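Please read the report below with the sequence and the model side by side. It begins with one pair of strands and widens from there.

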Amino acid sequence: MSGLFARLRDNPNLEDVQPASLSFTVQGHELLARLYAFKPQKAKTYRTSEGVIFTVNGQTQASIKAPFFNRRNVGLQRLAKDLLVVIDCSSLTPREQDDVFMPSRDRVVEDNDFVKEIERRLEEELHNHQGLRALRNARARMDVEGQLADNKPMEDVLNRVLKSSPTLARIFGQGVRLQNLFKPEHVRKTEKPFRGKPHPTYFCFAGKDQGEVLERQAHRRRRVRLDFETDVENEYFTRKVDRGCKHFQRLSNGERDPVLNHVGPHLVDGKGSVTFELPDTIEVGDTVEVEFTVSDPVTDNEFSNRARVSVLPAVDYCLGTKVKIEKQAQSNNR
């Protein structure tokens with residue numbers, strides 16, 4: 001895999017998809033995933049049937065086949081042949097590695113809870129990945145444009161027939177060629193490109209001052225998302241040298257407990273987000289207080305962000321209608 005990584009570094013056969021690195025924490029273990037999206041017809045040079053590769057210290061330990069991207073929870077069928085995700089599992093202990101990977105080093109242990117949680121987190125992140133969504137739409141436009149281009153010979157034939165037969169021309173009238181609905185429009189120039197700093201000078205909640213407490217609400221059984229703003233480069237938490245440190249903790253009764261399962265932050269041009277799930281023991285009306293802290297190993301700067309989340313009844317979304325499924329009175333009677 002070290003050889004493959006060297007070949008993929010600054011490779012012109014890769015699409016520019018951001019964020020290219022994903023960070024998620026499962027059962028207290030931080031895992032880093034690297035996303036590679038190949039240009040059409042280029043992936044077969046670098047991969048065969050693999051879709052997700054698990055590595056430890058650069059060596060392949062297991063893989064999941066490319067049909068993983070065809071899953072309904074992922075929804076990347078159009079890109080399934082052109083994607084490769086590499087997950088670094090070096091944070092696992094040797095005993096944990098034995099529980100996760102088969103001795104043959106070709107696949108993971110499917111009934112392992114840790115593996116199931118990794119797959120679930122990866123499915124959600126790929127499904128909600130803005131860069132992959134934009135690439136999927138771009139490929140769809142390319143397909144439609146190709147189909148419209150294929151219609152040109154037939155159009156020329158019909159034009160010649162109508163010109164040679166005034167009677168047919170009068171019957172069909174004056175035809176108008178269909179326009180390409182996906183053709184890009186001229187838009188105003190966007191703001192100047194984001195240039196991230198190697199070390200942040202601020203890292204705070206979106207729309208808030210540094211250190212300002214965020215007050216928000218969230219429903220039970222649904223994920224909570226915290227949005228951030230910063231001026232640091234996108235690879236700050238995933239680069240190899242001077243990587244930023246982050247701590248995500250829940251505050252309760254004067255104690256601090258790490259949030260063992262969360263995703264992010266994924267930084268894209270000064271914006272990032274962290275998602276996590278509320279504990280199952282939380283009741284409606286409770287308040288969950290969490291703190292996300294970023295510390296820089298070079299400048300020694302530390303940025304603390306505290307949020308208080310008020311818990312609302314669980315809801316289910318069915319046909320666009322919000323239906324409450326949390327009925328405390330009924331549950332208390334059972």
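In this predicted model, T55 has T60 as its bridge partner in β4, and this pairing belongs to a set of 6 bridges that join β3 to β4 in the antiparallel sense. The two strands form a hairpin with 2 residues between them, and N57, which lies in the turn, has a positive phi of about 55°. On β3 there is also a pairing with β5, where 4 bridges join strands that run parallel, and in β5 the residue opposite V52 is V85. How many of the 7 residues of β3 are buried? The strand is mostly covered, with 6 of its 7 residues buried.

**The sheet**

These strands belong to an open sheet of 9 strands, whose order is β4-β3-β5-β2-β1-β11-β12-β8-β6 and whose pairing is mixed. The edges are formed by β4 and by β6 (203-205), each of which pairs on one side only. Further along the order, β11, which covers residues 262-263, pairs with β12, which covers residues 271-277, in the antiparallel sense over 2 bridges, and H262 stands opposite F276 in β12. Helix α3 packs on the sheet, where it touches β1, β2, β3, β4, β5, β8 (223-230), β11 and β12, and the direction of α3 makes about 140° with that of β1.

**The nonpolar cores**

In soluble globular proteins, nonpolar side chains tend to be buried together. In this model the largest nonpolar core has 35 residues, of which V52, F54, F69, I87 and L126 touch the most other members. At least two residues of this core come from each of β1 (21-26), β2 (29-37), β3 (50-56), β4 (59-65), β5 (83-88), α3 (113-127) and α4 (130-150), and the largest share, 5 residues, is supplied by α3. Which residues are in contact with F69, leaving aside its neighbours within four places in sequence? They are G51, V52, V74, G75, L76, Q77, A80, L83, V85 and L126. Apart from this core lies another one, of 25 residues, which includes F205, L278, V288 and F292.

**Salt bridges**

The count of salt bridges comes to 21, and three of them are set out in the table, each with the distance between the closest N and O atoms.

| Acidic residue | Basic residue | Closest N and O atoms |
|---|---|---|
| E124 | R120 | 3.4 Å |
| D231 | K197 | 3.5 Å |
| E289 | R306 | 3.5 Å |

The pair of E124 and R120 lies within helix α3, where the two residues are 4 residues apart, about one turn of the helix. R120 counts as partly exposed, because its relative accessibility is 29%.

The pair of D231 and K197 links distant parts of the chain, since D231 sits in the loop between β8 and β9 (245-252) and K197 in the loop between α6 (166-172) and β6, 34 residues apart. Is D231 buried or exposed? D231 is buried, because its relative accessible area is 9% and the cut-off for buried is under 20%, whereas K197, with a relative accessible area of 39%, is partly exposed.

The pair of E289 and R306 likewise links distant parts of the chain, with E289 in strand β13 (residues 287-295) and R306 in strand β14 (residues 302-312), 17 residues apart. E289 has a relative accessible area of 19% and is therefore buried, while R306, with a relative accessible area of 30%, is partly exposed. Salt bridges that share partners also join E117, R120, R121, E124, E125, R223 and E277 into one network.

**The chain as a whole**

Taken over its full length, the protein chain has a secondary structure that comes to 7 helices and 16 strands, and 39% of its 334 residues are buried. Among the contacts in the chain with a separation of 6 or more, 69% are between residues 24 or more positions apart. The chain exposes about 20,700 Å², and carbon and sulfur atoms supply 48% of that area.

Terms used:
Residues numbered from 1 in each chain as written. Predicted model: local features only at pLDDT ≥ 70, side-chain atom pairs only at ≥ 80, totals over all residues. Heavy atoms only, no water. Buried < 20%, exposed > 50% of the residue type's maximum accessible area, 1.4 Å probe, protein only. Contact = heavy atoms within 4.5 Å. Areas by Shrake-Rupley, 256 points an atom, 1.4 Å probe, with all protein chains shown as cover. Core = buried A, V, L, I, M, F, W, Y, C linked by side-chain atoms within 4.5 Å. Pairing = 2+ DSSP bridges. Axes fitted to C-alpha atoms, helices over the stretch in contact; angles between N-to-C directions. Salt bridge = Lys/Arg side-chain N within 4 Å of Asp/Glu carboxyl O.
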